[in-house]
Amino acid sequence: MPLNREQIAQRIAQEVQDGYTVNLGIGIPTLVANYIPSTKSIMLQSENGLLGIGPFPLEKDVDPDLINAGKQTVTEALGASYFNSADSFAMIRGGHVDLTVLGAMEVDQNGSIANWMVPGKMVKGMGGAMDLVAGAKNVIVAMQHTDKDGNSKLRTKCTLPLTGVNCIKKIVSDYGVIDVTPAGFVLREYAPDLTPEKVLAATEGKMTIATDVKPMTF
Amino acid sequence: MIKSKVYANAKSALEGIKDNMTLVVGGFGLCGIPENSISALKELGIKGLTCVSNNAGVDDFGLGILLHSHQIKKMISSYVGENATFEKQFMNGELEVELCPQGTLAERLRAGGAGIAGFYTPTGVGTPVAEGKEIKNFDGREYVLERGIVGDFALVKAWKGDKFGNLIYRKTARNFNPMVATAGKITVAEVEELVEIGTLPPDQIHTPGVYIQRIFQGKNYEKRIEQMTVRKA
């Protein structure tokens, strides 16, 4: 069995280091926050202008002037600050955010990512994704390894319109943990119920298996 | 004595907005949007508008109100989901859309207001948004030239404002409003609380009054929540 969404989030949380400023995208990335141990001191950045996102509010504390980038009502964490959208993206584009986690429709072996547009379908827009992949020091992609027909989403070359070029260094999929290197995908860890060979077989892009490959642990 | 910029209501403050003008509008989702000005635009029936705003509202609120009444010709936005009216008008060719990365949009407004014609950003290089634009290499990395934006009118919403136009925003309702405030030939601010000059602490002003030409006391703020999320006690 490949991993479920929660397990992907749980594994990504292990990459978050004490003292990090982190931007979490919508979907699986948002779940990562639930698995960061309280022993680590981190600040979550929301691109609509909040550094220090707290938990969801109690019903009595809901404030329409306090939302995250997914437009959900949130609270402010201790030490939080508010700022305008230009300052927010100065943080992002300027490389001041340590880690960005976002979803993807496709990533290719050169580290290019597509996650905002499917030609012929209604285009909703890229939001802040293009700025985030262009600016964060470290971008981790949380994604499904294959589509519902079993086709690989880790491609030789992205087929969908790109969000960013050569900017992804690490993927955590439901199949494993994959580094994106100049030599293509490198499988570092695989889902406990799978084998490295199964991950390889489910990957279209060029992939090698790390010599020290191991099953994922949580 | 400082000349007062105070208008009685939204309708009078929007005097001079004409068909086919470009409006830059503050807000993120439905948070910090100029609710009163949007309602007044609907009432005034001004058409053919180009609206520069991060989002396009929802079907029956925010800029969605003006989409519904077919008053918007073109949107320049970063994210326009959550709106079926938008989708329908876009698909049938009635509505023109220019999608712009969120950080680039914020910076285009900041640049426009700051007298900067264009700037180079790494965002979007190699993607559809860079097509047809100048690419320049700095220190081994490619950047795309993006243009500043100035609107005929800018519409912003603040928490508190004084009669000179000094503004203070509240929490994440700040978002695009400070840049939008600088990027209008005429900027109209609506506030939840309009106070006398000298009331707001000068050290805590987010938008200095020089950017604001007109200000009015807003009313009946709905502050609709798009995604209500709560935890249990």
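This is a dialogue about reading a predicted model that contains a chain A and a chain B.

Trainee: Where should I begin with the contact between the chains, and how many residues does it take from each of them?

Mentor: A general idea helps here: the size of an interface is often given as the accessible area lost when the parts come together. In this predicted model, the contact takes 51 residues from chain B and 46 residues from chain A, and the two chains bury about 4,000 Å² between them, with 63% of that area on carbon and sulfur atoms. On the side of chain B, the residues that lose the most area to chain A are B:Lys171, B:Thr172 and B:Arg231, which together make up 16% of what that side buries.

Trainee: How many salt bridges are there between chain B and chain A?

Mentor: The count between the two chains is 4 salt bridges, and one of them joins the side chains of B:Lys223 and A:Asp65, with a distance of 2.7 Å from N to O.

Trainee: I would like to follow single residues across the contact; which residues does A:Met126 touch?

Mentor: A:Met126 sits in the loop between strand S7 (113-114) and helix H4 (129-135) of chain A, and it counts as buried because its relative accessibility is 4%, under the 20% cut-off. Leaving aside residues up to four places away in sequence, A:Met126 touches A:Trp116 in its own chain, and B:Ser78, B:Leu99, B:Cys100, B:Pro101 and B:Val129 in chain B. Along chain A, A:Met126 and A:Asn115 are 11 residues apart in sequence, and their C-alpha atoms are 8.0 Å apart in space.

Trainee: And where does B:Ser78 lie?

Mentor: B:Ser78 belongs to the loop between strand S3 (72-77) and helix H4 (84-91) of chain B, and it is buried, with a relative accessible area of 0%. With residues up to four places away in sequence again left out, its contacts in chain A are A:Lys124, A:Gly125, A:Met126 and A:Gly127, while its contacts in chain B include B:Ser53, B:Asn54 and B:Gln102.

Trainee: How do I read the sign of phi, and what value does B:Lys171 have?

Mentor: As a general rule, most residues other than glycine have a negative phi, and most peptide bonds are trans. B:Lys171 has a positive phi, near 50°, although it is a residue other than glycine. B:Lys171 is placed in the loop between strand S9 (167-168) and helix H6 (177-182) of chain B, and at 23% relative accessibility it counts as partly exposed. In chain A, A:Lys71 also has a positive phi, near 65°; A:Lys71 lies in the loop between strand S3 (50-53) and strand S4 (76-82) of that chain, and with a relative accessible area of 8% it is buried.

Trainee: Which residues are buried in helix H2 of chain B?

Mentor: The general idea is that an α-helix has 3.6 residues a turn, so residues three or four places apart point the same way. In helix H2 (residues 35-44) of chain B, the buried residues are B:Glu35, B:Asn36, B:Ser37, B:Ile38, B:Ala40 and B:Leu41. These buried residues pack against several elements of chain B, among them helix H1 (10-13), strand S1 (22-25) and helix H3 (64-68). Just after this helix, B:Gly45 takes a positive phi of about 70°.

Trainee: In what order do the strands of the open sheet in chain B run?

Mentor: The open sheet has 3 strands in the order S5-S7-S6, with antiparallel pairing. Its edge strands are S5 (118-121) and S6 (135-138), each of which pairs on one side only, and neighbouring strands are turned by 35° against each other on average, direction ignored. Between S6 and strand S7 (residues 141-147) there are 4 bridges, and B:Lys136 has B:Tyr143 in S7 as its bridge partner. Helix H5 (residues 102-113) of chain B lies across S5 and S7, running at about 150° to S5.

Trainee: Lastly, how many disulfides are there over all chains?

Mentor: The count is 0 disulfides over all chains. For B:Cys31, the nearest cysteine sulfur is that of B:Cys51, 19 Å away, whereas a disulfide would need the two sulfur atoms within 2.5 Å. B:Cys31 counts as buried, at 3% relative accessibility. B:Cys51 is in no disulfide either, and the nearest cysteine sulfur to it, that of B:Cys100, is 15 Å away; B:Cys51 is buried, with a relative accessible area of 0%.

Terms used. Residues numbered from 1 in each chain as written. Chains lettered and ligands numbered in written order. Predicted model: local features only at pLDDT ≥ 70, side-chain atom pairs only at ≥ 80, totals over all residues. Heavy atoms only, no water. Buried < 20%, exposed > 50% of the residue type's maximum accessible area, 1.4 Å probe, protein only. Pairing = 2+ DSSP bridges. Helix = DSSP H or I, 4+ residues; strand = E, 2+ residues; numbered from the N terminus. Axes fitted to C-alpha atoms, helices over the stretch in contact; angles between N-to-C directions. Contact = heavy atoms within 4.5 Å. Buried area = accessible area lost by both parts, 1.4 Å probe.
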